[in-house]
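User: Please take a close look at one part of this model, beginning with a charged side chain and its partner and following the connections from there. What does the geometry say about how that part is held and packed?

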Amino acid sequence: MKGYVYYSLKEAERNRGFIDDLMIHASRMDIALTLLVDEEEPDDDADFILFRDRDPELSRKWESAGFRVINRGEVNKIANDKLKTYELASLLGVPAVPTKRANSLLDIPPAPFVLKTIDGHGGREVFLCHTQNEAIEFFAQFEGRRTIVQPYIESDSTDVRVFMLGKEVLGAVKRIGNDSFKSNFTLGGTVEKYTLSSWQENEVRRIAKALKSDYIGIDFLLLPDGGWMLNEIEDPVGARSLYITHDFSVAEKLLEYVKRKLESL
């Protein structure tokens with residue numbers, strides 16, 4: 001079996017540990033796995049491409065060429081558009097943070113509110129605003145970018161990221177922010193293992209089934225009343241927090257999944 005893992009060069013350098021783990025387990029499974037970066041192209045006889053970038057057009061190009069791309073371009077497109085993510089949740093009846101386009105001050109609700117770029121990730125283009133001046137600064141900083149606005153939802157800077165492998169839950173972590181309303185682990189937050197309830201499992205499976213996704217992260221704000229609200233879907237999703245809180249190799253699980261899928265065709 002022959003496959004590729006695709007990253008931008010910058011992200012490949014940042015994710016070298018995960019790439020190395022993929023290579024180790026690919027070798028053990030008799031999978032010839034090669035790293036592709038930037039403008040490099042796969043050979044025609046590749047069985048699959050692990051697509052680890054935020055570029056649905058490139059993903060779709062390789063799909064159209066006949067490659068099995070993990071995840072599909074449509075998954076990449078929805079996960080990297082926060083408005084499309086909200087629209088999907090609404091169609092599925094999954095509670096989600098209310099989201100709408102924000103082009104100017106005319107689109108913002110009473111403070112506090114959260115402004116985000118539609119395609120940002122890692123929490124770095126997310127801003128909690130208490131005044132119009134803060135919103136003005138946001139629109140000036142991200143002029144020309146598509147942006148959204150959400151009401152501020154009190155979650156005690158805590159959310160849950162659920163890692164899905166196909167329709168099954170690979171694992172889940174609770175993320176707690178550190179001196180910020182953002183809970184992102186890469187921004188200095190802490191993480192701990194989280195066990196989903198049966199109703200939570202049903203909701204994440206509903207999302208993964210609708211997307212026909214292979215490997216994604218689904219982020220929910222945890223609410224004081226015990227409920228949760230979908231906030232974002234991540235593709236590609238980083239696995240650092242899962243490695244810290246669980247005692248298995250994410251790379252191994254992912255490659256086992258890919259091998260099962262391809263052998264069942």
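Analyst: With a relative accessible area of 40%, R146 is partly exposed, a class that lies between buried (under 20%) and exposed (over 50%), computed with a 1.4 Å probe on protein chains only. The model is predicted, and local features are reported at pLDDT of at least 70 and side-chain atom pairs only at pLDDT 80 or more, whereas totals for chains, interfaces and linings use all residues. Residue numbers start from 1 along each chain as its sequence is written, and side-chain values use heavy atoms, with hydrogens and water left out.

The partner of R146 is D81, and the closest N and O atoms of this salt bridge are 3.2 Å apart, the term meaning a side-chain nitrogen of Lys or Arg within 4 Å of a carboxyl oxygen of Asp or Glu. Because D81 sits in the loop between α4 (73-79) and α5 (82-92), and R146 in the loop between α6 (132-141) and β8 (147-151), the pair ties together parts that are 65 residues apart in sequence. Helices here are DSSP runs of H or I with at least four residues, strands are runs of E with at least two, and both are numbered from the N terminus. Unlike R146, which is partly exposed, D81 is buried, at 6% relative accessible area.

A further pair involves the loop between α6 and β8: R145 there is linked to D119, in the loop between β6 (113-117) and β7 (126-129), 26 residues apart. The N to O distance of this salt bridge is 3.0 Å; D119 is partly exposed at 35%, and so is R145 at 33%. Elsewhere, R54, D159, R161, R175, D219 and E234 are joined into one network by salt bridges that share partners. The count of salt bridges comes to 18.

R175, a member of that network, also leads into a sheet, since its bridge partner in β11 is V191. β10 (168-176) and β11 pair in the antiparallel sense over 4 bridges, pairing being assigned when DSSP finds at least two bridges between two strands. The open sheet has 5 strands, ordered β11-β10-β9-β12-β13, with antiparallel pairing. Because β11 (190-193) and β13 (228-234) stand at the edges with a single partner strand each, one side of each is left without a neighbour in the sheet. From one strand to the next, the twist averages 30°, where axes are lines fitted to C-alpha atoms (for helices over the stretch in contact) and angles between N-to-C directions run from 0 to 180 degrees.

Helix α7 (198-211) packs on this sheet, touching β9 (158-165), β10, β12 (215-222) and β13, and its direction makes about 35° with that of β13; contact means heavy atoms within 4.5 Å. Helix α9 (250-263) also packs on the sheet, touching β9, β10 and β12, at about 40° to the direction of β9.

Within α7, the buried residues are Q200, E203, V204, I207, A208 and L211. They span an arc of only 130° around the axis, so they lie on the same side of α7, the arc being that of the directions from the helix axis to the C-beta atoms. These buried residues pack against α4, α5, β9, β10, β12 and β13, while S198 and K209 are exposed on the other side of α7. After α7 comes K212, whose phi is positive, near 55°.
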